[in-house]
Amino acid sequence: MKVKRIVANIATQDVLAAQSFYHDVLGLDILMDHGWITTYGSTDEMSIQISIASQGGSNAHIPDLSIEVDDVDAALERVKQAGFPIEYELTEEPWGVRRFFVRDPFGKLINILAHV
């Protein structure tokens, strides 16, 4: 057996609220929309990973999702322009990433990062 895909599911009564963050800010495509569930993503091939953590690194809270981007500075600017609250300021971490944490429309803590 081989794992082909891992999907993170976020429970909400307002499925449309995701569009402002996951589509408009992060630029993910709508891959599926049944009204009661909308899947945002990319058709590009990506790594499959699950992280198990006792802390979020640098004694930060453990994020609900980590999203790697090609330009973390541009991502931060888009998040700020959209008015989403920054929970952990942009930081270059000793393990080789630059990252910040933001809350999505559902209160989930999102780690947005790029490798240095």
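Let's begin with a pair of neighbours: strand β3 and strand β6, the latter spanning residues 109–115, run parallel and are joined by four bridges. Keep in mind as you look around that this is a predicted model. Within this pairing, you can find Ile67 standing opposite Ile112 of β6.

Now widen the view. β3 and β6 belong to an open sheet of four strands, arranged in the order β3-β6-β5-β4, with mixed pairing. At the edges of the sheet sit β3 (65–68) and β4 (86–92), and each of these has a pairing partner on one side only. From one strand to the next, the twist averages 20°.

While you are at β6, take a look at Asn111, which is found in this strand. Is Asn111 buried or exposed? Its relative accessible area is 7%, and a residue counts as buried when that value is under 20%, so Asn111 is buried. Leaving out residues up to four places away in sequence, Asn111 touches Pro63, Leu65, Ser66, Ile67, Arg99, Phe100 and Phe101.

Next, find the helix that lies across the sheet. Helix α2, made of residues 72–82, lies across β4, β5 (97–103) and β6, and it runs at about 15° to β5. Which residues of α2 are buried? They are Val72, Ala75, Leu76 and Val79. Looking down the axis of α2, you would see these buried residues fall within an arc of 100°, so they line one face of the helix. What do they pack against? The buried residues of α2 pack against helix α1 (19–25) as well as against β4, β5 and β6.

The two ends of α2 are worth a visit too. At the N-terminal end, Asp71 acts as a cap, with a side-chain oxygen 3.2 Å from the backbone nitrogen of Asp73. Just after the helix comes Gly83, which takes a positive phi of about 85°.

Asp73 leads us on to the charged pairs. How many salt bridges does the count come to? The count comes to three. One of them joins Asp73 and Arg98, whose closest N and O atoms are 2.9 Å apart. Asp73 is in helix α2 and Arg98 is in strand β5, so this pair ties together parts that are 25 residues apart in sequence. Both partners are partly exposed: Asp73 has a relative accessible area of 39%, and Arg98 has 24%.

Another salt bridge is formed by the side chains of Glu87 and Arg103, at 3.7 Å from N to O. Here the pair ties together parts 16 residues apart in sequence, because Glu87 lies in strand β4 and Arg103 in strand β5. Glu87 counts as partly exposed at 44% relative accessibility, and Arg103 is partly exposed as well, at 26%.

The remaining salt bridge links Glu93 with Arg99, and their closest N and O atoms are 2.9 Å apart. Are these two residues buried or exposed? Glu93 is buried, with a relative accessible area of 5%, and Arg99 is buried at 3%. You have met Arg99 already, as one of the residues that Asn111 touches.

Finally, move to another pair of strands. Strand β1 (residues 29–33) and β2 pair in the antiparallel sense over four bridges. In this pairing, Asp33 stands opposite Thr38 of β2. The hairpin made by β1 and β2 has four residues between its strands, and in it Gly35 takes a positive phi near 90°.

Strand β2, residues 38–41, is covered on both faces. On one side Thr38 and Tyr40 are buried, and on the other side Thr39 and Gly41 are buried too. Over in β1 you will find Leu31, which is partly exposed with a relative accessible area of 44%. Which residues does Leu31 contact, leaving aside neighbours within four places in sequence? Leu31 is in contact with Thr39, Tyr40, Gly41, Ser42 and Thr43. As a last stop, look from Leu31 to Asn9: they are 22 residues apart along the chain, and their C-alpha atoms are separated by 14 Å.

Methods:
Residues are numbered from 1 along each chain as its sequence is written. This is a predicted model: local features need pLDDT of at least 70, side-chain atom pairs count only at pLDDT 80 or more; totals for chains, interfaces and linings use all residues. Side-chain values use heavy atoms; hydrogens and water are left out. Two strands pair if DSSP finds at least two bridges between them. Helices (H or I, at least four residues) and strands (E, at least two) are DSSP runs, numbered from the N terminus. Axes are lines fitted to C-alpha atoms, for helices over the stretch in contact, and angles run from 0 to 180 degrees between N-to-C directions. Contact means heavy atoms within 4.5 Å. Buried means under 20% relative accessible area, exposed over 50%, partly exposed in between (1.4 Å probe, protein chains only). The arc is that of the directions from the helix axis to the C-beta atoms. A polar contact is a pair of N or O atoms within 3.5 Å; within protein, one must be able to donate a hydrogen and the other to accept it, and residues adjacent in sequence count only if both atoms are side-chain atoms. A salt bridge is a side-chain nitrogen of Lys or Arg within 4 Å of a carboxyl oxygen of Asp or Glu.
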